[in-house]
Every structure is written in C-alpha cells, then in structure tokens.
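Visitor: I'd like a close look at one part of this protein, the sheet, and how that part sits in the whole chain. Could you walk me through it?

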Amino acid sequence: RIAGVEFQNFYIPAGGDLADRALNPKFDHKLDFYERLTADMARRDRQAPLMLAGDFNIAPGENDVWNHRYMSKIVSHTPIEVETLRRLQEASGFADVVRDQTPEPVKLASWWSYRAQDFRKSARGLRLDHIWTSPGLTPAVLPGSAVIHEPVRAWERPSDHAPVAVDLDVQGRG
C-alpha cells in the first residue's frame, strides 16, 4: 500500500505454445490462476483503491496485436484467453487505463519479440502489459498520463517489454 492505494503487480506466465488445457499443463495453469484471481477480485469492495498492473501475458483487443486474425490462434490472444481476461476485468469493474486513454482503433503494443532485428520495422507487437484501476481509484488517474514507454525498447540490451506507466492524484489518501 502506498498513500492508501493497494498495488498488485503480476507477472502471469505465457502458458506455453499450445492453447489447449487438456494437452498443455502450462496453459491450464495460466487459466486456472486467472479463474482464482477473478474469484478473489469479485469478493472485493469495488470502491477500495486498487491497481492491478504487470505482464498479464494476454493481449485483449483486436488493436492490441499486430494481426488479430493470425494472433487469435496463438497463445496470448486466443478467444479463451481474451474472454478469461474480460471476466477478470468485469469482476471488479476495472478500468483498462492505457486503452481507455488511447481508444480503439489505435494500435498499442508493449512487447516485441527479440527475433525481429528492428522491432519498429517489423511492427509485430502485442499489448501484454496492463494497468487497471478499481472504480474507487479510477477518478485519481490523471487524464492523458497513461503511456507505454516504447522508446525504452530501443535501448541497448533492453527487455522485450516496454514500461507502462500512469500518474495518479491520491492527495489525502493516508
């Protein structure tokens, strides 16, 4: 907790290469974790100031992947994952801060494969990194402050993820 706000930062593993719960224990584990997290979030007070953030390893929308049709068959954007993430978001009425501040149809990405020599030229990014706020925290999000720091991905020896950030005005929150 910082300034009265609860922060939960997650790295949720990708889930392997096969989008099949029966044949891929990693994928089953990923979806099971999401189901348990969704149940936990559904029991919480929506007005409590809470931020969920991190690498969720799911790109939720058509404009959160470089090619929706192709990526719908690839772990990280399959229909079951997208629906699972939507259920989590609805469980506590979370706002998807980055997407809310940069609405569709603008394409957004926070991850690019190391396999591409020039990640900008290949333009095969995915938005796997998220910042979500509960209804009790969303009013504290400063307009226009949500950003994916894409230039960081171009640094020497970077992560394959770019940092995602948002500014909050939480004055007076103990």
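Visitor: To get our bearings, how many helices and strands does the protein chain have?

Guide: Sure, and bear in mind that this is a predicted model. The protein chain has 5 helices and 6 strands, and starting from the N terminus they come in the order β-α-β-α-α-β-α-α-β-β-β. With a radius of gyration of 16 Å, close to the 16 Å that the globule rule gives for 174 residues, the protein chain is as compact as a globular protein of that length.

Now for the sheet. It is an open one built from 4 strands, ordered 1-2-4-3, with mixed pairing. Strand 1 (6–11) and strand 3 (95–96) are at the edges with a single partner strand each, so one side of each has no neighbour in the sheet. Take the strand 3 edge: strand 3 runs antiparallel to strand 4 (residues 129–133), and 2 bridges join the pair. Within that pairing, Asp 96 sits opposite Trp 132 of strand 4.

Stepping back to the whole chain, 71% of the contacts with a separation of 6 or more are between residues 24 or more positions apart. Of the 174 residues, 45% count as buried. The accessible surface comes to about 9,600 Å², and carbon and sulfur atoms hold 53% of that. As for charge, there are 22 positive and 24 negative side chains, and the centres of the two sets lie 3 Å apart. The C-alpha atoms fill a box of roughly 45 × 40 × 30 Å along the principal axes.

Definitions and conventions
Residues numbered from 1 in each chain as written. Predicted model: local features only at pLDDT ≥ 70, side-chain atom pairs only at ≥ 80, totals over all residues. Heavy atoms only, no water. Rg over C-alpha atoms; globule rule 2.2 N^0.38 Å. Buried < 20%, exposed > 50% of the residue type's maximum accessible area, 1.4 Å probe, protein only. Contact = heavy atoms within 4.5 Å. Areas by Shrake-Rupley, 256 points an atom, 1.4 Å probe, with all protein chains shown as cover. Lys, Arg positive; Asp, Glu negative; His and termini not counted. Charge placed at Lys NZ, Arg CZ, Asp CG, Glu CD. Pairing = 2+ DSSP bridges.
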